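Here is a short report on helix packing and burial in one protein chain. Please look over the sequence and the model before reading on.

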Amino acid sequence: MTRILAETYPDAHCELDFGNPLELLVATILSAQCTDKRVNMVTPVLFAKYRTAADYAGADREELEEIIRSTGFFRAKANSIIGMAQVVCERYGGEVPGKLKDLVTLPGVGRKTANVVLGNAFGVPGITVDTHFQRLTRRFGWTTETDPVKIEHVVGELIPKNQWTDMSHYLIWHGRRICHARKPACGVCPLATLCPSFGEGPTEPDKAAKLVRTGPFS
């Protein structure tokens with residue numbers, strides 16, 4: 001299944017715009033309950049104003065909140081970003097750490113966010129268990145778990161470690177484009193003959209084709 005997804009989505013990648021680990025960490029915090037498209041509309045202004053962890057740590061809260069307001073939950077996100085940056089400055093010399101055990105100690109950073117940063121900014125294999133990943137791994141029959149950490153460990157045993165980051169992209173891209181939560185486009189799915197959940201959505205190709213989405217996505 002992963003081979004077919006790799007062939008289907010050869011260009012799969014993180015859809016958040018970033019230039020370094022700090023930018024990706026901030027963008028991923030902002031992406032909670034928000035589309036990547038919206039985050040990418042906000043971050044050019046944000047990244048131009050705040051270039052270092054120290055800049056975020058010393059940010060004027062009202063100014064930061066105003067810039068990120070459109071991403072939703074902007075007060076909580078501002079708290080997380082400022083808190084994260086303060087800890088990065090205090091403990092890690094202003095540089096985002098490149099280890100899971102360190103990243104998850106930062107305010108607003110859980111395993112999902114940490115794995116996004118590790119896999120895409122540091123080249124360290126990581127499994128990103130977002131809502132798409134959870135849904136697809138259960139539909140595919142890879143796991144029956146509902147807890148993200150348990151899903152991460154179960155899938156990590158199924159897939160070679162050096163494929164974790166790419167495999168996360170494949171599932172997220174497939175979930176956004178074809179394997180939707182409410183009406184998956186089963187009739188045009190490249191995994192149709194292998195998927196135990198085939199038939200949850202329309203199986204007729206013409207009807208299914210109308211459900212296929214193109215980016216940019218949430």
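The report takes up a helix pair and then a third helix with one of its residues. The model is predicted.

**The helix pair**

Helices α9 and α10 pack against each other at an angle of about 55°. Their axes lie 11 Å apart. Angles from 35 to 65 degrees fall in the oblique class, so α9 is oblique to α10. The crossing of the two is left-handed.

Which residues of α9 meet α10? They are Phe133, Gln134, Thr137 and Arg138. On the α10 side, the partners are Pro148, Ile151 and Val155. By class, this contact holds 4 nonpolar, 2 polar and 1 charged residues. In general, an α-helix has 3.6 residues a turn, so residues three or four places apart point the same way.

The residue ranges of the helices in this report are listed here.

| Helix | Residues |
|---|---|
| α9 | residues 131-139 |
| α10 | residues 148-158 |
| α11 | residues 164-177 |

**Helix α11 and His174**

Helix α11 has 14 residues. At 1.5 Å a residue, α11 should span 20 Å, and its end C-alpha atoms are 20 Å apart, so the two values agree. Of the 14 residues, 13 are buried, so α11 is largely enclosed by the rest of the structure.

His174 belongs to α11. Is His174 buried or exposed? Its relative accessibility is 0%, under the 20% cut-off, so His174 counts as buried. Setting aside neighbours within four places in sequence, His174 contacts Leu5, Tyr9, Leu136 and Phe140. Cys179, Cys189, Pro190 and Leu191 are also in contact with His174.

Key: Residues are numbered from 1 along each chain as its sequence is written. This is a predicted model: local features need pLDDT of at least 70, side-chain atom pairs count only at pLDDT 80 or more; totals for chains, interfaces and linings use all residues. Side-chain values use heavy atoms; hydrogens and water are left out. Axes are lines fitted to C-alpha atoms, for helices over the stretch in contact, and angles run from 0 to 180 degrees between N-to-C directions. Helices (H or I, at least four residues) and strands (E, at least two) are DSSP runs, numbered from the N terminus. Angles under 35 degrees count as roughly parallel, over 145 as roughly antiparallel, 65 to 115 as roughly perpendicular and the rest as oblique. A crossing is left-handed if the near helix is turned anticlockwise from the far one by less than a right angle, and right-handed if clockwise. Contact means heavy atoms within 4.5 Å. Ala, Val, Leu, Ile, Met, Phe, Trp, Tyr, Cys and Pro count as nonpolar, Asp, Glu, Lys and Arg as charged, and the others, Gly among them, as polar. The expected span of a helix is 1.5 Å times one less than its number of residues. Buried means under 20% relative accessible area, exposed over 50%, partly exposed in between (1.4 Å probe, protein chains only).
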